[in-house]
Amino acid sequence: MVLSRAPSDTDVSVHSTFASRYVRASLPRYRMPENSIPKEAAYQIINDELMLDGNPRLNLASFVTTWMEPECDKLIMASINKNYVDMDEYPVTTELQNRCVNMIAHLFHAPLGESETAVGVGTVGSSEAIMLAGLAFKRRWQNRRRAEGKPFDKPNIITGANVQVCWEKFARYFEVELKEVKLREGYYVMDPEQAVEMVDENTICVAAILGSTLNGEFEDVKLINDLLDKKNKETGWDTPIHVDAASGGFIAPFLYPELEWDFRLPWVKSINVSGHKYGLVYAGIGWCVWRNKEDLPDELIFHINYLGADQPTFTLNFSKGSSQVIAQYYQLIRHGFEGYRNIMENCHENAMVLKEGLERTGRFNIVSKDEGVPLVAFSLKDHSRHDEFEISDMLRRFGWIVPAYTMPPDAQHVTVLRVVIREEFSRTLAERLVLDIDKVMCQLDALPSSKLTPPAALLPAARLPKTVIVANGHVKKTELETQKSVTEAWKKFVLAKKTNGVC
């Protein structure tokens with residue numbers, strides 16, 4: 001006698017995912033489903049929804065690497081199940097991290113002896129690296145003030161208003177006053193003289209940016225060092241410098257080797273750099289290196305032994321993947337100094353192609369500098385009809401993700417667009433982007449100005465539309481409603497036309 005049973009809803013084999021019920025019924029979004037579904041259906045459902053994400057290669061807002069060689073991808077997948085913190089179980093991975101720290105420290109001219117090892121740590125990005133560097137500065141300052149019998153409860157840090165948000169996080173999370181040097185139109189980085197003037201006995205460090213997020217410009221670290229050296233000698237203080245080289249740390253050594261910004265300057269005590277930016281690794285890796293051991297207080301380093309051996313640790317998190325560390329080591333030995341220099345030169349040349357193409361349109365002011373991170377920041381010359389936010393929005397219709405944003409205080413009235421040039425952004429794409437920006441400008445020219453009629457919410461009470469008038473059973477539109485309907489009609493007319501021609 002053959003026994004059989006009817007299959008349940010949960011163990012039906014799916015031979016064709018799109019013919020199954022799993023893609024016809026929606027899954028709960030914020031609660032775990034009651035029943036299992038086949039792996040093929042789970043994959044397809046998630047994969048289909050992810051198709052609505054933007055294309056990472058066309059995401060020109062981000063500094064983060066979006067392409068690596070297939071050989072490195074294989075190494076990443078082979079090590080994706082390794083927990084980096086298990087140093088005793090994965091000693092080779094630990095050794096690779098130590099090699100990376102030393103390579104980067106030598107790249108930044110750390111004053112190391114022949115057999116001396118560098119002091120540094122791998123992090124999940126520059127944000128964690130900055131937190132660790134800031135904690136080291138705060139603890140050193142507190143220890144010195146305590147030894148001198150002086151108050152140590154009001155530390156501050158000097159930055160420009162152009163710093164990345166992680167500096168604000170550090171200040172708020174670890175109770176440090178953030179003293180910002182304001183920007184001004186035409187000068188979008190920290191003014192060295194103003195910065196050093198703001199230094200007082202409670203300043204734990206001055207943070208200089210090598211590659212501003214806003215326009216890619218390098219701050220003058222050498223001038224800050226020289227001014228600070230003079231002030232420290234006059235006051236007897238010991239105020240140091242931290243260099244946030246998240247974007248520029250893997251650019252300056254190859255494009256501008258004579259530029260003094262790193263440990264060649266005596267008051268630079270620590271540097272952070274993002275491996276997942278121009279270090280050419282996928283998101284999730286950063287580095288912080290110190291000038292010498294004295295600059296990292298011992299009490300911040302923890303020692304554990306419950307994973308099999310004594311392990312020093314100085315991180316904000318504990319567990320993390322090993323893949324990005326291994327990928328960073330691959331890139332460093334794969335490219336070497338020559339390879340990194342070639343890649344950075346290509347990025348710079350493609351940035352110049354884009355910049356010159358935008359200048360030829362005659363419509364934009366270039367806000368970025370030729371020397372700095374390879375990016376192009378630009379703003380409209382004429383704001384009478386349209387603004388940068390409209391350009392950003394319309395470029396998305398061509399697949400490009402180009403951010404528009406306002407500058408920080410006191411230049412918040414300036415709005416810019418920014419295109420970051422990464423390794424995988426070719427000259428062909430740069431030329432294509434210029435053509436698409438030109439098309440967008442032609443389309444905007446054909447539309448009624450967005451600034452003709454202010455929104456009703458912004459109109460003075462006396463100018464708000466009066467009650468509509470009903471005549472012969474018909475509603476007569478107000479002047480504002482008529483203007484809106486004309487604008488919508490023009491938009492539909494223009495967008496219905498083909499956009500593959502050049503104006």
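**Exercise 1. Work out how H9 and H11 pack, and which residues meet there.**

*Step 1: the angle.* In this predicted model, H9 and H11 pack at an angle of about 20 degrees, and their axes are 9 Å apart. Axes here are lines fitted to C-alpha atoms, for helices over the stretch in contact, with angles from 0 to 180 degrees between N-to-C directions. Helices are DSSP runs of H or I with at least four residues, strands are E runs with at least two, and both are numbered from the N terminus.

*Step 2: the class.* Angles under 35 degrees count as roughly parallel, over 145 as roughly antiparallel, 65 to 115 as roughly perpendicular and the rest as oblique. H9 is therefore roughly parallel to H11.

*Step 3: the hand.* The crossing of H9 with H11 is right-handed. The rule is that the near helix is turned from the far one by less than a right angle, clockwise for right-handed and anticlockwise for left-handed.

*Step 4: the residues.* From H9 come Asn350, Val353, Leu354, Gly357, Leu358 and Thr361, and they meet Arg427, Ala430, Glu431, Leu433, Val434, Ile437 and Asp438 of H11. Contact means heavy atoms within 4.5 Å. Sorted by type, the residues of this contact are seven nonpolar, three polar and three charged. For the sorting, Ala, Val, Leu, Ile, Met, Phe, Trp, Tyr, Cys and Pro are nonpolar, Asp, Glu, Lys and Arg are charged, and the others, Gly among them, are polar.

A note on the ground rules: residues are numbered from 1 along each chain as its sequence is written, and side-chain values use heavy atoms, with hydrogens and water left out. Because the model is predicted, local features need pLDDT of at least 70 and side-chain atom pairs count only at pLDDT 80 or more, while totals for chains, interfaces and linings use all residues.

**Exercise 2. Now describe the packing of H2 with H9.**

*Step 1: the angle.* The axes of H2 (residues 70-78) and H9 (residues 323-361) come within 8 Å and cross at roughly 150 degrees. H2 is therefore roughly antiparallel to H9.

*Step 2: the hand.* This crossing, too, is right-handed.

*Step 3: the residues.* H2 brings Glu71, Cys72, Leu75 and Ile76 to the contact, and H9 brings Ser323, Ile326, Ala327 and Tyr330. They divide into six nonpolar, one polar and one charged.

**Exercise 3. Find the aromatic pair of Phe254 and say how its rings are arranged.**

*Step 1: the rule.* Rings of Phe, Tyr and Trp (its six-membered ring) pair if their centres lie within 6.5 Å; planes under 30 degrees apart are stacked, over 60 edge-to-face and the rest tilted. The count by this rule is nine aromatic pairs.

*Step 2: the pair.* Phe254 and Tyr340 are stacked, at 5.3 Å centre to centre with 15 degrees between the planes. Phe254 lies in H8 (residues 252-255) and Tyr340 in H9, so the pair ties together parts 86 residues apart in sequence.

*Step 3: the surroundings.* Phe254 is buried at 6% relative accessible area, and Tyr340 is buried at 1%. Buried means under 20% relative accessible area, exposed over 50%, and partly exposed in between (1.4 Å probe, protein chains only). Phe250, Phe254, Phe337 and Tyr340 form one aromatic cluster.

**Exercise 4. Do the same for Trp400 and Phe425.**

*Step 1: the geometry.* Trp400 and Phe425 form an edge-to-face pair, 6.4 Å centre to centre and 65 degrees between the planes.

*Step 2: the location.* Trp400 sits in the loop between H10 (388-395) and E12 (404-406), and Phe425 in the loop between E13 (415-420) and H11 (427-446), so the pair ties together parts 25 residues apart in sequence.

*Step 3: the burial.* Trp400 is buried, with a relative accessible area of 3%; Phe425 is buried, also with 3%.

**Exercise 5. Inspect the backbone at Glu175, Leu280 and the bond from Pro409 to Asp410.**

*Step 1: what to expect.* Most residues other than glycine have a negative phi, and most peptide bonds are trans.

*Step 2: phi.* Glu175 has a positive phi near 55 degrees; Glu175 lies in the loop between H5 (165-173) and E3 (177-181) and is exposed at 67% relative accessible area. Leu280 has a positive phi of about 75 degrees; Leu280 lies in the loop between E6 (268-274) and E7 (286-290) and is buried at 3%.

*Step 3: omega.* The peptide bond from Pro409 to Asp410 is cis, with omega near 0 degrees, and Asp410 lies in the loop between E12 and E13.
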